[in-house]
Amino acid sequence: MAKIRVLILGGTSEARALAQMLSKRAGFDILLSLAGRTEKPSVQPVPVRIGGFGGVEGLASFLRDGRFDILVDATHPFAARISANAVAAARLSGIAALALHRPEWIERPGDKWTASSNIAQAIAALGPVPRRVFLAIGRQEAHYAEAAAHHFYLVRSVDPVTPPLDIENAEYILDRGPFDVDAEAALFASHRIDAIVAKNSGGASTYAKIAAARHLGIEVFMIARAPAPAMRAVETVEEALGAIDQLFPPAIERGV
């Protein structure tokens, strides 16, 4: 019997975990797609393709030509364009689709959050008085900080910010999560950080900075996600596996 072909749009720990779990199951053929924005992506447990598809039509053609049975959008929660393309391409190609997006962080007692709808708004909300800012929004959008160059910025990213920001007072850290709360608190204290600009990405891997900010009383300028596209959605790898089993019951249930 032909295997169930699964295309996972990845780049997150959840995508990797789902690919690994499915790879252990008989009857599945998995391809993990990465956008290629990270110079040195983590080792993956299944075959990988890197690069874009050329928009909605390109992705739909790839799904049809590859005879895929299901598309799983497990991209970063802020990859809004890719997610929108996934919804449209699944409809065009006529295949099942599922979104695996981890839940948002929730403000807790002791947190000092200032809500922002986008990065530019968060940077502007820092105000006119110079602050010492931990910037944790990724290298591709770090340039937004140039609109408020009077602040000090400690910029952390997986890959280098190139070219460096046109800001006189900036330092750079290259690192990849998961991060430790105590280490984050020590980092903030050593750089006298009094503000954090972060995306509400959710998940455990990078939550340590939020917990450390709560402990130190640091204000967090939290950037909200855009509304999710209309696709069946789950929040955990276990829920994704359950949804896939509903769509494609295990072989023993099909009498194979």
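Author: Before we start: a crossing is right-handed if the near helix is turned clockwise from the far one, and left-handed if anticlockwise, by less than a right angle. In this predicted model, helix 2 and helix 3 make a right-handed crossing.

Reader: Why are helix 2 and helix 3 called oblique to each other?

Author: Helix 2 (residues 55-65) and helix 3 (residues 80-93) pack at about 50 degrees, and their axes are 8 Å apart. Under 35 degrees would be roughly parallel, and roughly perpendicular runs from 65 to 115. An angle of about 50 degrees fits neither range, so the pair is oblique.

Reader: What makes up the contact of helix 2 with helix 3?

Author: From helix 2 come Gly55, Val56, Glu57, Leu59, Ala60, Leu63 and Arg64, which meet helix 3 residues including Asn85, Ala86 and Leu92. By class, nine of the contact residues are nonpolar, three polar and two charged. Gly55 is one of the helix 2 residues there, and Gly counts as polar.

Reader: And what makes helix 1 oblique to helix 7?

Author: Helix 1 (residues 13-23) meets helix 7 (residues 237-247) at about 45 degrees, with the axes 10 Å apart. Again, roughly parallel needs under 35 degrees and roughly perpendicular needs 65 to 115, so helix 1 is oblique to helix 7. The crossing of helix 1 with helix 7 is right-handed.

Reader: Which residues of helix 1 meet helix 7?

Author: Glu14, Ala17, Leu18, Met21 and Leu22, facing Val237, Ala240, Leu241 and Ile244 of helix 7. That contact has eight nonpolar residues, no polar ones and one charged.

Reader: Where does pLDDT stay under 50?

Author: Over residues 252-256. Coordinates should not be read in detail where pLDDT is low. The protein averages a pLDDT of 91, with 95% of the residues scoring at least 70.

How values were computed
Residues are numbered from 1 along each chain as its sequence is written. This is a predicted model: local features need pLDDT of at least 70, side-chain atom pairs count only at pLDDT 80 or more; totals for chains, interfaces and linings use all residues. Side-chain values use heavy atoms; hydrogens and water are left out. pLDDT is the predictor's confidence in each residue, from 0 to 100. Contact means heavy atoms within 4.5 Å. Axes are lines fitted to C-alpha atoms, for helices over the stretch in contact, and angles run from 0 to 180 degrees between N-to-C directions. Helices (H or I, at least four residues) and strands (E, at least two) are DSSP runs, numbered from the N terminus. Angles under 35 degrees count as roughly parallel, over 145 as roughly antiparallel, 65 to 115 as roughly perpendicular and the rest as oblique.
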